[in-house]
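User: Please take a close look at one part of this structure, and then follow it outward into its surroundings. I would like one connected account, with the criteria behind each term made explicit.

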Amino acid sequence: MDPKAHVIAQGGHGLRRARMLGRRSVISWRGELKDVNWGVVNNGLDFLESSVEHLAKSNNRSLKYAALHLYASTETLVKARLAREHWTLVVADANVPSKAAFKSGDFKSISLAQALQRLAAVADVVTDSKAVGRIKDVEKLRNRAAHFSLGGETPERVRVVVARGLDFTLQFIEKELRPEAPIEEARLIDETLGRVREAIGRIQVLVQERMRSLQGSLTGFPVVLDCPACRQASLVLPSGHAAKCLYCLYNPDGEVCAEEYSASILEISRYSHAAEGVDWPIYSCLNCGAEAFVDHIYTASGEEVGWACFACGYYAPTGDIAICSGCGSPTDTMRGGLSLCADCVAAKFEKF
Ligand SMILES: [Zn+2]
Ligand SMILES: [Zn+2]
Ligand SMILES: [Zn+2]
């Protein structure tokens, strides 16, 4: 469907599967666009299987292909589901191509995000924001892997991000693609899922074992948050240091971490703040001054922490911090029912 996907399908796994399924595909390739859809689903499932095979290995090259192929698989299968509603829905151009051009894959197709939006609009297939977040994480990895490299990413992080993305893709296949699939397609889905489930189970065990091995270290920290990089419950706030994730070893500058946390976990980006008027949750820290003091923080187990600084580890319950009525910055000094920070109080005295 995506011209690139067709090119990729000519090599490696695509060829192997085409050979494996050659006889069956000749029998089932009847009808017009049904053939195209079958080919696309076949391709998407092949990418899925390849991703899982790569994920089971631990070298960096394999993990890169695990991310690339999982994204290709998800994009292909979501578009295949959308094409079931109508083939023109996966076309990006306003000028819809001929059916012949569509069948040969010679057209520009929409993005995965657009495909999910259109599925929600035309088929009531609604993807919750957490699931979208998981697949966006895979997309970020894919972009970096495709254009640069995964240098700087730890293997632990790549593995857990891809494993969570796999969750989304498997659920999508089971809930949205498998029902009402033509017989041949359904059989192919069942065979592929049968093969990949076992391998995915082993990968999940690896993730759980690593989490278990961290429990001793995690209990030494009063506040444990969801990590914006790997989404495991393993981001800690060491006193006097920037936040760091014990699972994936994510340990950027505190201000960067605060913004990533806001975007990935609180789902508030600079864009949603500017375009939709959502309150920006990051302020200057009362303790260290860094722009890394975040409001509405929750622990990984869902309890409200209130405020926490990702640069110095200072945290305070919501009730202990007020917004200064003079300058809008957070303050812990409240005088006579008025919330005024020390700077604003000093400025008022100067005036008198
Ligand atoms: Zn992490
Ligand atoms: Zn601070
Ligand atoms: Zn003030």
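Analyst: **The three-stranded sheet and its surroundings**

Strand β2 and strand β3 (residues 244-245) run antiparallel and are joined by two bridges, where strands are DSSP runs of E with at least two residues, helices are runs of H or I with at least four, both are numbered from the N terminus, and two strands pair if DSSP finds at least two bridges between them. This is a predicted model, in which local features need pLDDT of at least 70 and side-chain atom pairs count only at pLDDT 80 or more, while totals for chains, interfaces and linings use all residues. Residues are numbered from 1 along each chain as its sequence is written, chains are lettered from A and ligands numbered from 1 in the order in which they are written, and side-chain values use heavy atoms, with hydrogens and water left out.

Within the pairing of β2 with β3, Val236 stands opposite Lys244. The other neighbour of β2 (residues 233-236) is strand β1 (residues 224-226), which runs antiparallel to β2 and is joined to it by three bridges. Here Asp226 has Ala233 as its bridge partner, and Val224 stands opposite Val236. Six residues lie between the strands of this hairpin, and Arg231 takes a positive phi near 65 degrees there.

Taken together, these strands form an open sheet in the order β1-β2-β3, with antiparallel pairing. Because β1 and β3 stand at the edges, each with a single partner strand, one side of each is left without a neighbour in the sheet. Helix α9 packs on this sheet and touches β1 and β2, its direction making about 35 degrees with that of β2; contact here means heavy atoms within 4.5 Å, and axes are lines fitted to C-alpha atoms, for helices over the stretch in contact, with angles running from 0 to 180 degrees between N-to-C directions.

Helix α9 (183-218) also leads away from the sheet, as one of the elements that give two or more residues to the largest nonpolar core, alongside α3 (33-55), α4 (60-85), α6 (112-123), α7 (129-147) and α8 (155-177). A nonpolar core is a set of buried Ala, Val, Leu, Ile, Met, Phe, Trp, Tyr and Cys residues joined through side-chain atoms within 4.5 Å, where buried means under 20% relative accessible area, exposed over 50% and partly exposed in between, for a 1.4 Å probe and protein chains only. This core has 56 residues, and Leu45, Leu48, Val162 and Ile189 touch the most other members. With eleven residues, α4 gives the most to this core. Leaving aside residues up to four places away in sequence, the contacts of Leu48 include Leu70, Leu166, Ile173, Leu193 and Val196.

A second, separate core of 41 residues includes Cys227, Ala229, Ala290 and Cys309. Cys309 is also a ligand of the zinc ion (ligand 2), whose protein donors are Cys285 (SG), Cys288 (SG), Cys309 (SG) and Cys312 (SG), lying 2.3 Å from the metal; donors are N, O and S atoms within 2.8 Å of the metal (3.2 Å for Na, K and Ca), and water is not among the atoms, so sites may look incomplete. Along the chain the donors of this ion follow the spacing C-x2-C-x20-C-x2-C. Cys288 lies in the loop between β4 and β5 and Cys312 in the loop between β6 and β7, so the pair ties together parts that are 24 residues apart in sequence. Cys288 is partly exposed, with a relative accessible area of 38%, whereas Cys312, at 8%, counts as buried.

The strands that flank these loops belong to an open sheet of four, ordered β4-β5-β6-β7 with antiparallel pairing. Its edge strands are β4 (282-283) and β7 (315-316), each of which pairs on one side only. Strands β5 (residues 293-298) and β6 (residues 304-309) are joined by four bridges, and Ile297 has Gly306 as its bridge partner in β6.

The zinc ion (ligand 3) has as its protein donors Cys324 (SG), Cys327 (SG), Cys341 (SG) and Cys344 (SG), at 2.3 Å, with the sequence spacing C-x2-C-x13-C-x2-C. Of these donor residues, Cys341 and Cys344 are buried.
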